[in-house]
Amino acid sequence: MKNSENCRKDIRITAVRQVIHEDLCSKYENPIVHTCSIREGDVFISSGGNKPCGFCDSAWGSMEYFVRELSSGGGNFFDGWMKNPKSAMISCNDGFRPFSFLIETIED
């Protein structure tokens, strides 16, 4: 019998766009030197539905459910939300400078 972890699909996570809400930063945030090391176009691979090495913990918390579902063969979230049913567009939970990530199944 195969281990179910071995049957999981790899998932590509692409950092598509970051939006910076300068007005909210200046009004509510204490100045900080380092905010996020992810850059637009960065690509991460989740193997077995696990968090990619070096990936942001906060961003992972926002997308873990979707990555694990896609990895185990699921998809079609919210009855046809995405054009590609084996994908999702998820943003991290940073209210000042959220990143949008395209999460998609890597087909064999």
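Contact here means heavy atoms within 4.5 Å. The model is predicted, and the exercises below treat it as such.

**Exercise 1. Describe the order of secondary structure elements and the overall extent of the protein.**

Solution. Begin with the element count: the protein has two helices and four strands. Read from the N terminus, they follow the order β-α-β-α-β-β. Next take the extent: the C-alpha trace spans about 55 × 30 × 20 Å along its principal axes. Finally, consider the contacts with a separation of 6 or more: 62% of them join residues 24 or more positions apart.

**Exercise 2. Identify the residues that Phe 55 touches, leaving out those up to four places away in sequence, and place Phe 55 in the nonpolar core.**

Solution. Step one is the neighbour list: Phe 55 touches Ile 13, Ile 38, Phe 44, Trp 60, Met 63 and Phe 101, with residues up to four places away in sequence not counted. Step two is the core. The largest nonpolar core has 20 residues, and Phe 55 is among those with the most contacts inside it, together with Ile 13, Ile 38, Met 63, Phe 101 and Ile 103. Step three is the origin of the core residues: β1 (11–18), α2 (57–71), β3 (87–91) and β4 (99–105) supply at least two each. The largest share, six residues, comes from α2. Step four turns to the rings, where Phe 55 belongs to a cluster linked by ring pairs, with Phe 44, Trp 60, Phe 99 and Phe 101 as the other members.

**Exercise 3. Classify the ring pairs that involve Phe 66 and Tyr 65 or Trp 81.**

Solution. The structure holds 10 aromatic pairs. For Tyr 65 and Phe 66, the centres are 5.2 Å apart and the angle between the planes is 80°, an edge-to-face pair. For Phe 66 and Trp 81, the centres lie 6.4 Å apart with the planes at 55°, so this pair is tilted. Locate the partners of the tilted pair: Phe 66 is in helix α2 and Trp 81 in the loop between α2 and β3, 15 residues apart, so the pair links distant parts of the chain. Then compare burial: Phe 66 counts as buried because its relative accessibility is 12%, while Trp 81, at 36%, counts as partly exposed.

**Exercise 4. Find the nonpolar surface patch that contains Trp 81, and decide whether Phe 78 is buried or exposed.**

Solution. The patch is formed by Val 16, Phe 78, Trp 81 and Met 89, which together have about 380 Å² of accessible area. Phe 78 sits in the loop between α2 and β3. The cut-off for exposed is over 50% relative accessible area; Phe 78 counts as exposed because its value is 61%.

**Exercise 5. Trace the salt bridges of Arg 97 and contrast their setting with that of the Arg 68 bridge to Glu 64.**

Solution. The whole structure has five salt bridges. Arg 97 pairs with Glu 29 at 2.7 Å, N to O. Glu 29 lies in the loop between α1 (22–28) and β2 (43–46), and Arg 97 in the loop between β3 and β4, so the bridge ties together parts 68 residues apart in sequence. Arg 97 also bridges to Asp 94, with the closest N and O atoms 3.6 Å apart. Through shared partners, Glu 29, Asp 94 and Arg 97 form one network. Arg 97 counts as buried, at 10% relative accessibility, whereas Asp 94 is partly exposed at 22%.

The bridge between Arg 68 and Glu 64 has its closest N and O atoms 2.9 Å apart. Both residues lie in helix α2, four residues apart, about one turn of the helix. Arg 68 is partly exposed at 32%, and Glu 64 is partly exposed at 27%.

Definitions and conventions: Residues numbered from 1 in each chain as written. Predicted model: local features only at pLDDT ≥ 70, side-chain atom pairs only at ≥ 80, totals over all residues. Heavy atoms only, no water. Core = buried A, V, L, I, M, F, W, Y, C linked by side-chain atoms within 4.5 Å. Buried < 20%, exposed > 50% of the residue type's maximum accessible area, 1.4 Å probe, protein only. Patch = residues over 30% accessible without salt bridge, like charges linked within 9 Å, V, L, I, M, F, W, Y side chains within 5 Å. Areas by Shrake-Rupley, 256 points an atom, 1.4 Å probe, with all protein chains shown as cover. Salt bridge = Lys/Arg side-chain N within 4 Å of Asp/Glu carboxyl O. Phe/Tyr/Trp six-rings, centres within 6.5 Å; stacked < 30°, edge-to-face > 60°.
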